[in-house]
Amino acid sequence: MKKIIGVLIVIGLFGSGCVKRAPSPGITDSEILIGNVQDLSGPMKELGAIIPNGSNMYFEYINDQGGVHGRSIKMLIEDHQYNPQKAVVAIKKLIEKDQVFCMFQVIGTSPCEAIRPILAETGTPLIAPATNSGTMSDLTKQAGDLIFHTDTGYDRQAEILVDHIMEKNSDAKIGLVYQDDDYGQNVLLGISRAESKYGVTVQKESYQRGAVDFKGQTMNLLKGGLTDVIIAGIVREPVVIMKTAEAMNFKPNFYGTGPTIDARVGKMAGSAGEGFTATNWSYMWNSDYPGPKLYRDLCEKYDIPQPYIGLYHYYGFATAMVLVEGLNRAGKNLTRNSLIKGLESFNEWESGTFPPITYNRNDHAGVDKVQLVQMQNGEQVVISDWLE
Amino acid sequence: MKDRYDHENIYWIPILIIFVFLLPLILKGISFSYKYYLFVLNLAGIYIILNVGLDLLSGFTGLVSLGHAAFLAVGAYTSAIMVDQLGVPFSLSLILSPVIVGLFGFIIGFPALRISGMYLGLTTMGFGFIVKRIIISFRDWTQGSAGLEVSSPVLFGYTIKSDLDNYYLIYTFVIVAIIIGRRIATSKIGRSFMAIRDSEQAAEASGINLSQYKMLAFFISGLFAGFAGVLFAHTSSFISTDHFDILLSIYFIIMVLVGGASSIYGAVLGSLFIVLLDNLFVPLIEDQIQLLFNTQAGDIQSLIFGLIMFLFIIFQPMGLYGMWLKMRIYWKLFPFNPRQRFT
């Protein structure tokens, strides 16, 4: 008797493992389950709360209208504390345990790089990774065909900034303060291309992620007698650098890469931040384009707390539009392959939030241009057309 | 003559080993998300190997190290470079890389001859920062802070790729590491380590060469960490300096303390407990709390983790292994057990 029970248990255990799974996980008749990995308790936790909130606002709007082909969108969010190892564990949980359909908006370059093997192994697409790193749209890298980037690469942004500076003043002496990590590496790539193009040498100063004191770097910039300084930081770094420079009576023109576009930079820097120019890869959230208008209406409709409203929240909203359009184009019979095909059919698609986006089999870069936004009298003002 | 292991009940060990090898099949049977559980177990396995070495250094010899994430990093990068850029076979790298990390440990051991306690902890922590800078500056080899893609392990012509393959690879070495760790702990070397921890003067008076044994402790600990590093690099497929931050070193020390310092089984239990707690149980509790209160996921996760650690260290200072020993003695003496001894 015991033997029979034992055999039955073993058959039961192994048999349950042989149950056939649905061809595309995360899809039911009424729901699409997607996964998101954010930094909820690490150095970028502020953004980790704001960005997905913007996406959820748009998903709620779509769900209220009946969803995508009758399916509502549900997003699960995990925390990686900006640690690639934790990102890998989190994405493994989302894909293998929670059975999400696709990944959306994983924040940070090194976490995104670390999850490539899992994306490739499971064939899970990653839409709109929340990093400007140009490596995300490199189709030759592992899982490159599964990643759809939306933002202009840091390298391109840096090149465009140097172009702008040299156009204004061909004798400019340029400096760069960069975060000594993968973000900074990508900026350096663009800077080195610009150096060869103009035959100039950019003075480079690095800092560690999370640094709060920039006196040393600012002093070195001052000694270099620079006219223009590019800051490849996030929010705190440009504020502290500009304030420190002001205290040293050092007044070059300050520029920043994409992440410094946050309106808080100019506001917190006060008079030191006046004239600060940053690159932006989407229409300004407070402009009159249809995307930003819809954004502001939805913020009001869904009662979004005031501190959330701004660039990063808008970014979450704008990238959600890209995903929803892809899901729409994938059709009623949604699979991971049909989503990829749907996204690759974008041809100068105008979302109203980003400049027109084109994806195809050989190009997953999304937006490849920026406009320059300058702090003028405490307000952000667009000062250029789209620069490529 | 009676062997030193004769007093131990070791019959359960083969059963445990069989269980370890059957576990993936059981998991596969009961859960469709078994790959996730295997992945978490693989991570725990790598940490077990490292923590057995860390326990020999910190638990047995009393030399605090807050730089073991750096040892892991050196092992991982050494193997990645040797295998992918110099064409050394993985099987050879499994031997060479740990030795190189062991030699690193040997160098770090020098300051330990003069300093101890918190100061040694700080020195080893400094080593962690230095390693990070070195990795970033050797860009041609390491790709700097952008991270390095690493190939899958190839053993006897077979490429180990899936989580299941990785599990068997890692846990084979986990068992080997535990056996070696136990052998060292109960050997003359292990007893010398403990003598140094309990009283350096007494150990020296008994004829133990302090500098030799302290350096040896660092070397052995480096070997284990290097081994863990090799497995970490090749089973993760991608490594970067962000993987090996100071918090990871602190996690390792917590694992050893929670498991019960100066016990190899303690290091095993501690590693399993912390990794499973962090990746499986805390998220479950967190989901329940989030249903009740409108909180942010990340904050509550750290809070629960911190709280459990806090309560554990206050109420179970001897760690999980100590807890197990107490339980065993309690049942052995039952019903003649004085209440105060076990509370």
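**Domain contact in chain A**

I started with where the two domains of chain A meet: 13 residues of domain 1 are in contact with twelve residues of domain 2. H4 and H12 of chain A each put at least two residues into the domain 1 side of that contact. H4(A) has the largest share there, three residues. This is a predicted model, so I keep the confidence values in view.

I then looked up the bounds. The assignment for chain A gives domain 1 as 31-152 + 286-357 and domain 2 as 155-280 + 372-382. Taken over C-alpha atoms, the centres of these two domains of chain A are 28 Å apart.

**Chain A overall**

I checked the confidence next. The average pLDDT of chain A is 86, and 94% of the residues score at least 70. The stretch I flagged is residues 7-22 of chain A, where the pLDDT is below 50; apart from near neighbours in sequence, this stretch has ten contacts in the model.

For secondary structure I noted 13 helices and twelve strands in chain A. Then I tried the globule rule: a compact globule of 388 residues would have a radius of gyration near 21 Å, and chain A has 23 Å, so the two agree. Along the principal axes, the C-alpha trace of chain A spans about 90 × 45 × 40 Å.

I also looked at burial and contact range. Of the 388 residues in chain A, 55% are buried. Among contacts in chain A with a separation of 6 or more, 67% are between residues 24 or more positions apart.

**Helix H12 of chain A**

Since H12(A) turned up at the domain contact, I gave this helix its own entry. H12 of chain A covers residues 311-330, 20 residues that should span 28 Å at 1.5 Å a residue; its end C-alpha atoms are 29 Å apart, which agrees. Is H12(A) mostly covered or mostly open? I found 17 of its 20 residues buried, so to speak mostly covered. Just after H12(A) comes A:Gly331, with a positive phi of about 90°.

**A:Asn280**

I picked this residue out at the end of a domain 2 segment, 155-280. A:Asn280 sits in strand E10 of chain A, residues 277-280. Why does A:Asn280 count as buried? It has 21 C-beta neighbours inside 10 Å, and the cut-off is 20 or more.

Leaving out residues up to four places away in sequence, A:Asn280 touches A:Ile261, A:Val370, A:Gln371 and A:Val373. I also took one distance: A:Gly270 is ten residues from A:Asn280 in sequence, and their C-alpha atoms are 20 Å apart.

**Contact with chain B**

I moved on to the other chain. Here 31 residues of chain A are in contact with 30 residues of chain B. Several elements of chain A each supply at least two residues to this side, including helix H1 (2-17), strand E2 (72-79) and helix H7 (182-198). H3(A) gives the largest share, eight residues.

**The largest nonpolar core**

My last look-up was the largest nonpolar core, which has 205 residues. Those with the most contacts inside it include A:Ile91, B:Ile49, B:Leu72 and B:Phe224. Helix H2 of chain B, residues 34-60, gives the most to this core, with 19 residues. The core also draws at least three residues from each of domain 1 and domain 2 of chain A.

B:Ala73 is another on that list of most contacts, and I traced its partners. Beyond neighbours within four places in sequence, B:Ala73 is in contact with B:Val131, B:Ile135, B:Gly229 and B:Phe244.

Methods
Residues numbered from 1 in each chain as written. Chains lettered and ligands numbered in written order. Predicted model: local features only at pLDDT ≥ 70, side-chain atom pairs only at ≥ 80, totals over all residues. Helix = DSSP H or I, 4+ residues; strand = E, 2+ residues; numbered from the N terminus. Rg over C-alpha atoms; globule rule 2.2 N^0.38 Å. Buried ≥ 20, exposed ≤ 12 C-beta atoms within 10 Å, placed from the backbone. Contact = placed C-beta atoms within 7 Å. pLDDT = per-residue confidence, 0-100. Expected span 1.5 Å × (residues − 1). Core = buried A, V, L, I, M, F, W, Y, C linked by C-beta atoms within 7 Å. Domains from an automatic or database assignment.
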